[in-house]
Amino acid sequence: MDQIDAYITKKIALKAKKEADEKAKYDAAIGRRYMLGDKSTIPAIVEILESKNKDSIDNLFVEMDRGYKEIRTSFQLDQPVKNAVFNLITNEELEHLVVQYLGYNNIEGHTALFEDRLLSGKSTDNERLFYWLGNEAKSEKAIDYVIKLSQNSNASPELHWIREGISGYMEKGSENSKKKILNLAYDYIDKNPIKREDFKKPSEENFYSAYVLKLVLAQIIVENGDGERAKKIISSLEQLIHNEPGDEDTKRVLLKGIDLFKLRYKTDPEKVEAIKPFLSDSELYFEALETIKKDKFLFENETIKNLVLSNFEKLGFQDDYYSQKLIDFYKGLEKAYFYNLADKNIQSEPLKIRLKKEFDIDNKTFEEINNDLHMIGIIDRPISQEQIEIYKQKEFANDDLNSIHTCLDIAKISLAFDVEASTIPVDYDVLLADFASISNHKISGIKSYLQFKWNEDENKGYYQFLVHYKNNCYVMIPEDSGDWYDMETFNKLLDLIVEDTGIKENFYSVYTGDQTAFYLFGEKEKINLLKEKYNLEANDEEGLNFDENEE
């Protein structure tokens, strides 16, 4: 046992040294040092940029990349560095690198630079320039430039590069920007009518072709257009779908989807009657909810509010996913009002109870959830402000604290991960450390080392996972399942570790209904109370259940 402990300790030390050396090398890189505030690197950085060596500049930009949370705010490069980077945008070989670095990292001044480069007509990367401009959706000049190009009959079919950028403008842009793009869509489709062959699935090499742009612009017209021009284009689309050979059910859904958007042409009373068939169609029911949510008259109409609930039951939606979409639709209503709606329109008592409960859960505040966790005994003391601040430093922290999953994450007693690790060998050592981190310090001092050998002849990997804990040695030999964790074997290891720790708590899997895993740490009775109170378990029987440690 001592030999195994010594072996694991040695391997951990070697791994730690390798990781430390790699980090030290990374932090010593000139671009990283600059981002950490070392101004003495500026002359060397400028020298690399002015060398115009593509590989060296690519490596430098990687070193100067910012994190996911950091890019939410702009970053100001020092003037010599900024000048050197910005000057490279006119270099055809380097333009794409420069555009991607400046756009992704939200470098101060990049919007004006991209706008000038696009308007110059000399860019070799219009698609990415317009994408980043659309991502911010502030440049009116960029839209005016695209409109000018579209009016040139020779250039019009070559505008496929605007596809992603216009989507950004339609999502985030001003009303004036959206109006300009809608008029652009009308003009483009008038000059380049949609043809039958445009509905064929594009191959990978011509995915950015003109006919894909036509379909994007047609969608903009269907969803936002008004007046005779829109009606004419929508009518031609309907005719093409009618005449296209293919699955009739698919065509019916496409045509009904277009009908949903045509509601805008109707008076308010007409809309109520027109939306009813969609609420009776299981394939279009939730699309109808989206339409209703965007229409003030429909959303506030009592008849529609009642019909949404009654038809949910009639259409037989059972999955938690659909229940949550329904509750999202009613989010923000007064509790008594929603309860009254449910009482009037839901006949099934179990469904009525479930929807009321899910409505209550979805509208709980952080304070209520925090109190519940403490009262149930899942946590020893309420979540503190200090814990919240620590949680907010996580790269993908949820800004909305009014969620049971967020609160469990803040309290560090839950673990969520994808059972498909997307890495080979599968990192059982990291996974075990993650589980220990949610044990409220009950499980600590674990040493582990993962051995992996690939057999080329068998095209298969062999694992041996060595763990030393509390003077015990464990050897886990999981099955090779590609990039998936062998959770059945891993759960057995967890159970042994918990047993040897001698604690009342354990790691309990919460059934999610998909390939993600969700675990809670605590006493079984308290975990079960929490599961019941917050409907944590999915009810979809078709999913994957990784709950091997639940009796």
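**Helix pair α3/α4**

I began with how α3 and α4 lie relative to each other in this predicted model. I took helix α3 as residues 42–51 and helix α4 as residues 54–63. Their axes come within 8 Å and cross at roughly 135°. Angles over 145 degrees would count as roughly antiparallel and 65 to 115 as roughly perpendicular, so I entered α3 and α4 as oblique to each other. I noted the handedness of the α3 and α4 crossing as left-handed.

I then listed the residues that meet in this pair. From α3 I have I45, I48 and L49; from α4 I have S56, I57, L60 and F61.

**Nonpolar cores**

Which residues touch the most other members of the largest nonpolar core? I found L49 and V81, in a core of 66 residues. L49 was already in my notes as one of the α3 residues that meet α4.

I looked up the contacts of V81, leaving out residues up to four places away in sequence. V81 touches Y34, I42, I45, V46, L49 and M64. I45 is thus listed with V81 and also in the α3 contacts with α4.
I also recorded a second, separate core of 30 residues, with L289, I292, L326 and L355 among them.

**Three-stranded sheet**

I read the strand order of the open sheet as β1-β6-β5, with antiparallel pairing. β1 (414–418) and β5 (506–509) are at the edges; each has a single partner strand, so one side of each has no neighbour in the sheet. From one strand to the next, the twist averages 25°.

For the pairing of β1 with β6 (residues 516–522), I noted five bridges and an antiparallel run. S414 is opposite L520 in β6.

Which helices pack on the sheet? I have two entries.

- Helix α25 (residues 428–437) touches β1, β5 and β6, and its direction makes about 155° with that of β1.
- Helix α27 (residues 524–533) touches β5 and β6, and its direction makes about 130° with that of β6.

**W484**

Where does W484 sit? I placed W484 in the loop between β4 (472–476) and α26 (487–501).

Is W484 buried, partly exposed or exposed? Its relative accessible area is 27%. Buried would need under 20% and exposed over 50%, so I entered W484 as partly exposed.

Last, I checked W484 against K271, which is 213 residues apart from W484 along the chain. Their C-alpha atoms are separated by 49 Å.

Key:
Residues numbered from 1 in each chain as written. Predicted model: local features only at pLDDT ≥ 70, side-chain atom pairs only at ≥ 80, totals over all residues. Heavy atoms only, no water. Core = buried A, V, L, I, M, F, W, Y, C linked by side-chain atoms within 4.5 Å. Buried < 20%, exposed > 50% of the residue type's maximum accessible area, 1.4 Å probe, protein only. Contact = heavy atoms within 4.5 Å. Pairing = 2+ DSSP bridges. Helix = DSSP H or I, 4+ residues; strand = E, 2+ residues; numbered from the N terminus. Axes fitted to C-alpha atoms, helices over the stretch in contact; angles between N-to-C directions. Parallel < 35°, antiparallel > 145°, perpendicular 65-115°, else oblique. Left-handed = near helix turned anticlockwise from the far one by under 90°.
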